[in-house]
Amino acid sequence: MSSMTVGLPLTWRRIPERYNLIGSECEICHTKYFPVRRICPQCRRKGKMKEVKLSGKGKVYSYTRIYAPPSGFELDAPYMIAIIELEEGPRLTAQVEDCNARDVKIGTPVEMIFRKIQEDGKEGLIHYGFKFKTVSGTSHILQE
Ligand SMILES: [Zn+2]
């Protein structure tokens, strides 16, 4: 894939990764990165990277509401894009789903979910990507 797309799209071939959010950890300075990196920018050649599973939990670092989405996202507009700071430290940009603007603030706890984000009609390719949802406690579970 040559083009960059918001939401870190993955093709169906990579769906088995959906239950694991995989990043990199530098074995020298223990900084964690997402997405996977081969070289630690701090340690450079001294660094040694290994894959680590990230929790998918984090908090909102900043956010913006999108009213004029790029091609392929029209049905979802408006939607919210946030920079999420993961528990382990890395930041990533992702859509925050199923929320009102008032539910999302800087510091709001969120967790990762996997969703179909785009369908390519011609080729029938379905792209999956990370989204996040707000963590709203356990009241909705108790009602079930
Ligand atoms: Zn390092």
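Are C26 and C40 buried or exposed, and what do they do in this model? Let's start there, everyone. C26 is buried, and so is C40. Keep in mind as we go that this is a predicted model. As for what they do here, both help to hold a metal: C26, C29, C40 and C43 coordinate the zinc ion through their SG atoms, at 2.2 to 2.4 Å.

Let's stay with the zinc site for a moment. The angles among its four donor atoms run from 106 to 112 degrees, and the site is tetrahedral. If you follow the chain with your finger, the donors come with the spacing C-x2-C-x10-C-x2-C. C26 sits in strand β1, residues 21-26, while C40 belongs to the loop between β2 (32-33) and β3 (49-54), so this pair ties together parts that are 14 residues apart in sequence.

How buried is C40? Its relative accessibility is 0%. C43 is buried too, with a relative accessible area of 10%. With several cysteines in view, you may wonder how many disulfides the structure holds. The count is zero.

Now let's step back and look at the whole protein. It has one helix and eight strands. Reading along the sequence, you meet them in the pattern β-β-β-β-β-β-β-β-α. Of the 144 residues, 34% count as buried.

Next, the sheet that β1 belongs to. In what order do its strands stand? The order is β2-β1-β3, in an open sheet of three strands with antiparallel pairing. β2 and β3 are at the edges with a single partner strand each, so one side of each has no neighbour in the sheet. Here is a bit of background for the first-years: strands of a sheet pair through backbone hydrogen bonds, in a parallel or an antiparallel way.

We can look at those pairings one by one. Between β1 and β3 there are six bridges. Among the residues involved, L21 has L54 of β3 as its bridge partner, and S24 is partnered by E51, again in β3. On the β2 side, two bridges join β1 to β2. One partnership to find on your screen there is E25 with K32 of β2. β1 itself is mostly covered, with five of its six residues buried.

Let's turn the corner from β1 to β2. This hairpin has five residues between its strands, and in it H30 takes a positive phi near 65 degrees. H30 is a residue other than glycine, and at 52% relative accessibility it counts as exposed. In that loop between β1 and β2 you will also find T31. T31 is partly exposed, with a relative accessible area of 23%. Try looking from T31 across to E88: they are 57 residues apart in sequence, yet their C-alpha atoms are 8.5 Å apart in space.

The loop between β2 and β3 has some details of its own. P35 lies in this loop, and a cis peptide bond joins F34 and P35, with omega about -5 degrees. Further along, R44 is also in the loop between β2 and β3. Its phi is positive, near 50 degrees, in a residue other than glycine. R44 counts as exposed, at 58% relative accessibility.

Let's move inside. In soluble globular proteins, nonpolar side chains tend to be buried together. Which residues have the most contacts inside the largest nonpolar core? They are L21, F34, I84, L86 and F132, in a core of 18 residues. The elements that give two or more residues to this core are β3, β5 (79-86), β6, β7 (109-120) and β8 (125-134). β5 gives the most, with four residues. You have met two of the names already: L21 is the bridge partner of L54, and F34 is joined to P35 by that cis peptide bond.

One last stop, in β6. E97 lies in this strand, which covers residues 91-97. Is E97 buried or exposed? Its relative accessible area is 13%, and E97 is buried. The side chain of E97 makes a polar contact of 3.5 Å with the side chain of K131.

To recap, we began at a tetrahedral zinc site, walked through the sheet ordered β2-β1-β3, and ended with the contact between E97 and K131. Thanks for listening, and do rotate the model yourselves!

Notes. Residues are numbered from 1 along each chain as its sequence is written. This is a predicted model: local features need pLDDT of at least 70, side-chain atom pairs count only at pLDDT 80 or more; totals for chains, interfaces and linings use all residues. Side-chain values use heavy atoms; hydrogens and water are left out. Donors are N, O and S atoms within 2.8 Å of the metal (3.2 Å for Na, K and Ca); water is not among the atoms, so sites may look incomplete. Four donors count as tetrahedral if all angles lie between 85 and 135 degrees; four count as square planar and six as octahedral if opposite donors are over 155 degrees apart and all others between 65 and 115; anything else is irregular. Buried means under 20% relative accessible area, exposed over 50%, partly exposed in between (1.4 Å probe, protein chains only). A polar contact is a pair of N or O atoms within 3.5 Å; within protein, one must be able to donate a hydrogen and the other to accept it, and residues adjacent in sequence count only if both atoms are side-chain atoms. A disulfide is a pair of cysteine sulfur atoms within 2.5 Å. Two strands pair if DSSP finds at least two bridges between them. A nonpolar core is a set of buried Ala, Val, Leu, Ile, Met, Phe, Trp, Tyr and Cys residues joined through side-chain atoms within 4.5 Å.
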